[in-house]
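Could you walk me through this structure in the viewer? I would like to know what to select next and what is there.

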Amino acid sequence: MENNCIFCKIANGEIKSDFLYENDNFFVIKDLHPKANTHLLLIPKKHVENLNDFDAVNYGAELISTIQDVTKKLGIESYKTHINTGKDAGQEVFHLHVHILSNVKLT
């Protein structure tokens, strides 16, 4: 865990957040500043700064299957994903996270 990482604090329960989905390695929460009707964040529980540091060999398939699982569970058939890697690309929180955006409104 990184000392001041908000996503690490959420993963460890130091900051209360409603997980919409969780498995052994990832969790999903709503974005606090949504850019679509539904704007979710899929976040690894283990601190990884960005996509360049992500262990895609061991966790890449699970990341994709987690996106599929959560969207299916929530009834979202049409969505886009987005990952910012690095400050110049717009990354604001330096803990890897995948934006899942859809025009579907969650109830």
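**First stop: the cysteines**

Select cysteine 5, which counts as buried at 7% relative accessibility. Keep in mind throughout that this is a predicted model. Now add cysteine 8, also buried, at 2% relative accessibility. Draw a distance between the two sulfurs: cysteine 5 has its closest cysteine sulfur in cysteine 8, at 3.6 Å, which is too far for a bond. A disulfide would need the sulfurs within 2.5 Å, and the count for the model is 0 disulfides.

**Next: the sheet**

Switch to a cartoon view and colour the strands. There are 5 of them in an open sheet, ordered S1-S2-S3-S5-S4, with antiparallel pairing. Look for S1 and S4 at the edges, where each pairs on one side only.

Start at S1, residues 21–22. A hairpin links S1 and S2, with 3 residues between them. The two strands pair in the antiparallel sense over 2 bridges; select tyrosine 21 and you will find its bridge partner, valine 28, in S2.

Move on to S2, residues 26–30. Is S2 enclosed or open to the outside? S2 is largely enclosed by the rest of the structure, because 4 of its 5 residues are buried. On its way to S3, S2 runs antiparallel and is joined by 5 bridges. Two pairs are worth picking out here: phenylalanine 27 has isoleucine 43 of S3 as its bridge partner, and lysine 30 stands opposite leucine 40 in S3.

**Then: the nonpolar cores**

Show side chains for Val28, Leu42, Phe54, Leu63, Ile67, Val98 and Ile100. These have the most contacts inside the largest nonpolar core, which has 14 residues. Strands S2, S3 (38–44) and S5 (98–102) and helix H2 (56–73) each give two or more residues to this core. The largest share comes from H2, with 3 residues. Apart from this core lies another one, of 8 residues, and our cysteines Cys5 and Cys8 are among them, as are Ile10 and Leu41.

For a closer look, centre on valine 28. Beyond the residues up to four places away in sequence, valine 28 touches Asp18, Phe19, Leu20, Tyr21, Leu40, Leu41, Leu42 and Val70.

**Back to the edge: glutamate 22**

Return to S1 and select glutamate 22, which is found in that strand. Glutamate 22 is partly exposed, with a relative accessible area of 46%. Setting aside neighbours within four places in sequence, its contacts are Phe27 and Lys45. With lysine 45, the side chains make a polar contact at 2.8 Å. If you like a sense of scale, measure from glutamate 22 to asparagine 4, C-alpha to C-alpha: the two are 22 Å apart in space and 18 residues apart in sequence.

**Last stop: histidine 95**

Finish in the loop between S4 (80–82) and S5, where histidine 95 lies. Is this residue buried or exposed? Histidine 95 is buried, with a relative accessible area of 0%. Its side chain reaches the backbone oxygen of proline 44 at 2.8 Å. Show everything around histidine 95 and, leaving out residues up to four places away in sequence, you will meet Cys5, Phe7, Cys8, Ile43, Pro44, Lys45, Lys46, His47, Val48 and Glu49. Among them are the two cysteines from the first stop, Cys5 and Cys8.

Notes:
Residues numbered from 1 in each chain as written. Predicted model: local features only at pLDDT ≥ 70, side-chain atom pairs only at ≥ 80, totals over all residues. Heavy atoms only, no water. Buried < 20%, exposed > 50% of the residue type's maximum accessible area, 1.4 Å probe, protein only. Core = buried A, V, L, I, M, F, W, Y, C linked by side-chain atoms within 4.5 Å. Contact = heavy atoms within 4.5 Å. Polar contact = N/O pair within 3.5 Å; in protein donor to acceptor, adjacent residues only side chain to side chain. Pairing = 2+ DSSP bridges.
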